[in-house]
Structure formats: structure tokens, C-alpha cells
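Welcome, and please open the viewer beside this page. We will go from stop to stop, with something to select at each one.

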Amino acid sequence: METVSENACFGGVQGVYKHSSKSCACDMTFAVYLPPHAKYEKVPVIWYLSGLTCTHENAMTKAGAQAWAAEHGVAVIFPDTSPRGEGVANDEAYDLGQGAGFYVNATQDPWAPHFQMWDYITKELPELVFSKFPLDVDAQGITGHSMGGHGALTIGMTYPEVYKSVSAFAPIANPTGSDWGRKQLSAYLGDDESSWGAYDASLLMAEKGHPNHVLIDQGSADNFLDLLKPEALAAAIATKRQPATMRMQEGYDHSYYFVATFMEDHITFHADTLYAV
């Protein structure tokens, strides 16, 4: 693991690191914020998965997570959203290819050799960070925005024994039922739709849910609402009778102004659960 940068931040350290990924067969960059508490003991960790076109840097610089993470004594990990580099498949569209890994394990060419983001996020990167940083492996939460909200919900519900707390900002909630999901799922996974359900938060919510309370925020002025389909997730929550808070925030759009506004609520939500583990 190579240290790209480390900066003092709210009494803790904001670091950026690079490593050679076996899952993605390329170099991957990620960021870790360690709160002041990490100087003395292992701390709970929140995984933050970013959305389309983003890198590790977007949320690290725009979400305002560090101040609240320092206050509550939790670490935050900001992975990249896809494999990158020479030889990694790409597409001219912003919603497919580099910057748009969708947190799936691709099975189709030309994506399969590198786009194994599910395994990268759930297996390889955790093994690395828990070996290098003072993080409590038994106190993990996961959140994310848009495509990252999709990733957070699907991963969190698939591995509830790992991710004790789950939240999302404006998630792509029902990709199997949206033009902005069917495109990526068919490209990465092929035309057999039976393999798509594992990556659909609304389907997983109706089937599995999560043992703990789930928090979801969505902006009412989000210009992607028809693609995100929050109504499908709300219906699934009702069907499952899942303990959840799903808030439609009046006037907020899809931007990081929206994420930053409600970041304190999400950090507090995760910290309350993780420190009670």
C-alpha cells in the first residue's frame, strides 16, 4: 500500500492511499478518515460509496463527513467507484465503464476482467484496511449516494452480519425497473435477468430487509427521481415491514449540497448503532 497523502483534519487524519488490486486487476485508490480516537483504540468504521462519475475524492472533499466523524469517533472509508487505467474497458457514456462500476461483479466482456467491484468492496479492500488501520471489524456501517446508495443498500442487506448499520442518500433504488439500471445490469451481467435481482435494493428489501433500522434521504427536487424510483423502495419497506426512516427532503436536488446537509444525521445514525454493538 502506497501513501498518496495524509493531512491533519479535525484532530484526526485524512489519508489517501493506492494499492494493486487483485479483484480489479489494476491500481486502486481509496481514502480513509481516522478520527482523533483512533490514536488510542480501534474505532467503528462507516463505508461511504460514491455515485456515477465520482472517485474517492468527491465525498472526501464535499460531503463534510470528517467533522461529524471526529465528533462521534468513527472512521470513514471512501473507495473509488470503479477500476481505472490503461487497458481497463470504458464507454463514452458517463453511466457505464470507468466511474460507473455499479458495485457488481461483471460477468460479460469487455467488463469482466476488471469490473469486480462487489468483491473489491466486500472482500479485498476490507482485508487491506483492517490490516493497516485501527478499525473495529465488528462495528461496520455502510452508506452511499446515488449509485453508491444502491451499492450500500444491496451490500448491507446481503451481509447484515457485517454491516450493522445501513443508510443511503438518493439511492438508485430499483435498477431492474429503471432505464438507468437495466442498461448497466445488462451490460455487466448479460440478458439473463434472473442474475440482476441480487443488485436491486427494492427486491432485496422486500425479500430480506435488514435486522436493524435503515435510514434513507431523498431530495424532492432531484431531477433523477424517475430513474432512482424511491417509490419502489418505499413500497418494499412497507411490504417487508422494515424498521426504517425514509425522508423526502423538500427542495433538495441530487447534488453534494444535499448530501452535506444531511451528513450529520447519517453519521450520528451510524455511530449510535455501531457504538451499541
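**Stop 1: two packed helices**

Select helix H3 (117-132) and helix H4 (residues 147-158) in this predicted model. Their axes lie 12 Å apart, and the two helices pack at an angle of about 55°. That angle makes H3 oblique to H4. The crossing of H3 past H4 is right-handed.

Now show the side chains where the helices touch. From H3, display Trp118, Ile121 and Thr122; they meet Thr154, Ile155 and Thr158 of H4. By character, the residues of this contact divide into three nonpolar, three polar and no charged.

**Stop 2: the sheet as a whole**

Next, switch to a cartoon view and pick out the strands. Nine of them form an open sheet with mixed pairing, in the order E1-E2-E3-E5-E4-E6-E7-E8-E9. Which strands stand at the edges? They are strand E1 (2-9) and strand E9 (244-249); each has a single partner strand, so one side of each is left without a neighbour in the sheet. From one strand to the next, the twist averages 20°.

**Stop 3: strand E4 and its partners**

Select strand E4, residues 43-49. How many of its seven residues are buried? Seven of the seven are, so E4 is mostly covered.

E4 pairs with strand E6 (residues 135-144) in the parallel sense, over six bridges. To see one such pair, select Tyr48 together with Thr143, its bridge partner in E6. E4 also pairs with E5 in the parallel sense, here over three bridges. For this pairing, select Ile46 and find its bridge partner Val76 in E5.

**Stop 4: strand E8 and its partners**

Move along to strand E8, residues 214-219. E8 is mostly covered too, with six of its six residues buried. In a regular strand, side chains alternate between the two faces of the sheet. Colour Val214, Ile216 and Gln218 one way for one side of E8, and Leu215, Asp217 and Gly219 another way for the other side. Both faces are covered, and all of these residues are buried.

Four bridges join E7 to E8, and these strands run parallel. Select Phe169 to find a partner in this pairing: its bridge partner in E8 is Asp217. E8 and E9 run parallel as well, joined by six bridges. Among the facing residues, Leu215 stands opposite Thr245 in E9, and Ile216 stands opposite Met246 in E9.

**Stop 5: a helix across the sheet**

With the strands still on screen, add helix H9, residues 256-274. Which strands does H9 lie across? They are E4, E5, E6, strand E7 (163-169), E8 and E9. Compare the direction of H9 with that of E7: the helix runs at about 165° to this strand.

**Stop 6: the loop between E5 and H3**

Now select the loop between strand E5 (75-79) and helix H3 (117-132), and look for Pro110 within it. A cis peptide bond joins Asp109 and Pro110, with omega at about 5°.

Tyr103 lies in this loop between E5 and H3 as well. Its phi is near 55°, a positive value in a residue other than glycine. Is Tyr103 buried or exposed? With a relative accessible area of 0%, Tyr103 is buried.

His114 is a further residue to select in the loop between E5 and H3. At a relative accessible area of 13%, His114 is buried. Leaving aside neighbours within four places in sequence, His114 is in contact with Ser23, Cys24, Ala25, Pro83, Gly87 and Val88.

**Stop 7: Ala25**

Follow one of those contacts of His114 to Ala25. Ala25 lies in the loop between strand E2 (12-21) and strand E3 (26-34). Phi of Ala25 is near 55°, a positive value in a residue other than glycine. Its relative accessibility is 44%, so Ala25 counts as partly exposed.

**Stop 8: Ala232**

For the last stop, select Ala232 in helix H8, residues 230-240. Ala232 is partly exposed, with a relative accessible area of 21%. Not counting residues up to four places away in sequence, Ala232 touches Asn174 and Ser202. To finish, display the C-alpha atoms of Ala232 and Leu203: these residues are 29 apart along the chain, and the atoms are separated by 8.9 Å.

How values were computed. Residues numbered from 1 in each chain as written. Predicted model: local features only at pLDDT ≥ 70, side-chain atom pairs only at ≥ 80, totals over all residues. Heavy atoms only, no water. Buried < 20%, exposed > 50% of the residue type's maximum accessible area, 1.4 Å probe, protein only. Pairing = 2+ DSSP bridges. Axes fitted to C-alpha atoms, helices over the stretch in contact; angles between N-to-C directions. Parallel < 35°, antiparallel > 145°, perpendicular 65-115°, else oblique. Left-handed = near helix turned anticlockwise from the far one by under 90°. Contact = heavy atoms within 4.5 Å. Nonpolar A, V, L, I, M, F, W, Y, C, P; charged D, E, K, R; others polar.
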